[in-house]
Amino acid sequence: MVALLAALASSGAAERIEGRLRLTDAGFADDRGPVLPMFCHYGDAFSVYVREPERVRRALDSIAAAGYDGIRFWDVLGYRAYWRGREVTPESFAAEDGRRVEATPDYYAHMRAFLTDCRSRRLKVFWSRGDLQGLGAAERVRHVRRLAAIAVAVGPAVVGVFEACNEAWQNGVETPAEGLRLVEAFRGGLPGALCAISCPSGASERPEEIAAWSAGGDLWLVHGFRGGTPVERIRHIVDVGATPPPGLPYGFQSEPSGPGPNVSVGRTEDPETLCAMALMALISRQGWCFMSSAGVKSDEEHARMPGFREVARARRLLPSDVMAYARRVEATRSGVLTVTGSADDPPRCDLAVDERTGRFAGLLYGGSGPVTLRADRALRADLVEPATGRRTPVRIAAGATWRVPPYAVARLLVGRFVR
């Protein structure tokens with residue numbers, strides 16, 4: 001038993017992506033094998049970099065030290081008054097309120113230096129545009145082609161994901177076809193880059209919307225549900241992952257709920273919930289981006305955001321190949337494990353199961369009152385606190401039950417069914 005749990009613990013996801021991020025039939029991978037992508041949102045990073053590069057370098061050092069694979073940022077800002085004083089753009093344009101936003105001097109030289117600083121810290125970029133309303137169609141394509149050339153010069157591996165435009169539907173890219181043109185322009189200069197069009201056009205993130213805004217990309221994007229309760233936010237992650245677009249099984253939660261006042265729609269301050277959401281995404285074949293107030297406007301330090309370090313560590317709790325597990329089921333309907341609790345507020349456990357080996361990883365969440373696990377197949381596992389990593393050994397014989405210790409939001413269950 002001790003040997004089994006030690007082996008499971010040591011199989012956790014490795015930190016930091018080596019070489020180029022890619023997709024395989026078994027999920028995200030790097031030069032060594034399967035990976036579970038974990039990025040930190042730093043939306044105004046480039047805008048601040050052209051003004052205060054040392055400040056950004058310190059933030060990048062903090063993000064790298066925490067163990068994130070990279071950052072998500074926007075390379076054009078200023079159309080909306082929200083970004084007054086943080087404008088950054090390769091071309092001049094008229095803003096929403098009529099003011100003139102001048103082109104940033106030496107824009108592309110700054111970009112090359114910025115990417116070089118990311119690469120030197122082994123950080124990749126989830127690269128997006130914030131405001132494209134002021135740039136014409138030809139200017140956008142020209143811009144994206146120059147970005148690809150810079151990435152080649154710095155080193156193609158610095159690009160983790162290229163996104164045509166953040167929230168494209170409200171930031172100047174009105175149709176998926178327009179977004180796809182930008183993706184194709186970038187791919188033309190940097191073949192093999194992982195590309196996506198945009199998140200869908202509203203809070204509902206219906207499957208048909210995700211499919212429409214993903215066609216032609218390599219993966220699909222969502223911003224995640226920011227309303228409701230912590231349980232509803234976790235549930236949305238697994239539900240949206242259960243209905244991916246045709247031919248695109250893998251996605252990315254690019255702007256999920258997070259802590260701090262700059263997270264404009266819904267906030268999550270609790271580290272346990274933040275870690276549980278990230279783990280549910282990875283189990284559901286979605287990369288994760290830690291969102292926070294500092295990740296929108298970086299007037300605050302990322303390291304001061306609740307959950308910043310805990311979320312970065314959370315993926316260590318999962319097997320690095322969990323996205324390859326073929327079967328994804330809600331436990332009570334799985335035929336292998338049943339979860340019971342209050343009839344008025346039942347708990348839920350969503351599992352990824354590798355039927356060949358019996359290995360599984362799942363998240364137990366929600367419910368009020370006592371929660372009990374009944375094993376239809378014998379199992380040996382760890383029940384893990386998402387934010388601390390503390391483990392409770394679990395061993396249940398076939399047909400037997402086990403009372404789960406009380407928890408506030410969620411617990412990770414990682415182990416193996418024993419024949």
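Buried here means under 20% relative accessible area. Keep that cut-off in mind for the close-ups below, which come from a predicted model.

**View 1. Strand 7 is covered on both faces.**
Take a look at Lys124, Phe126 and Ser128 on one side of strand 7, then at Val125 and Trp127 on the other: they are all buried. Put as a tally, 5 of the 5 residues of strand 7 are buried.

**View 2. Strand 7 pairs with strand 4 and with strand 8.**
Strand 4, residues 70-74, runs parallel to strand 7 and is joined to it by 5 bridges. One spot to zoom in on is Ile71, which stands opposite Val125 of strand 7. Strand 8 also runs parallel to strand 7, this time with 3 bridges joining the two. Here Phe126 has Val161 of strand 8 as its bridge partner.

**View 3. Strand 7, helix 5 and strand 8 form a β-α-β unit.**
The unit made by strand 7, helix 5 and strand 8 is right-handed. Helix 5 covers residues 137-154, 18 residues in total, and spans 26 Å from its first C-alpha to its last, close to the 26 Å expected at 1.5 Å a residue. Just after helix 5 comes Gly155, with a positive phi near 135°.

**View 4. Helix 5 has buried residues lining one face.**
The buried set in helix 5 is Arg140, His143, Val144, Leu147, Ala148, Ile150, Ala151 and Val154. Look down the axis of helix 5 and these buried residues fall within an arc of 165°, so they line one face of the helix. Ala138 and Arg145, on the other side of helix 5, are exposed. What do the buried residues of helix 5 pack against? Their partners are helix 4 (107-120), strand 7 (124-128), strand 8 (159-163) and helix 6 (176-189).

**View 5. The model has 0 disulfides.**
A disulfide would need two cysteine sulfur atoms within 2.5 Å. Cys165 is in no disulfide, and the nearest cysteine sulfur, in Cys199, is 9.2 Å away. Cys165 is also buried, at a relative accessible area of 0%.

**View 6. Cys275 is another buried cysteine.**
Why is there no bond from Cys275 to the closest cysteine sulfur? That sulfur belongs to Cys40 and lies 13 Å from the sulfur of Cys275, so it is too far for a bond. Cys275 has a relative accessible area of 0%, so it counts as buried.

Methods:
Residues numbered from 1 in each chain as written. Predicted model: local features only at pLDDT ≥ 70, side-chain atom pairs only at ≥ 80, totals over all residues. Heavy atoms only, no water. Buried < 20%, exposed > 50% of the residue type's maximum accessible area, 1.4 Å probe, protein only. Helix = DSSP H or I, 4+ residues; strand = E, 2+ residues; numbered from the N terminus. Expected span 1.5 Å × (residues − 1). Arc of directions from axis to C-beta. Contact = heavy atoms within 4.5 Å. Pairing = 2+ DSSP bridges. Right-handed = clockwise from strand over helix to strand, strands pointing away.
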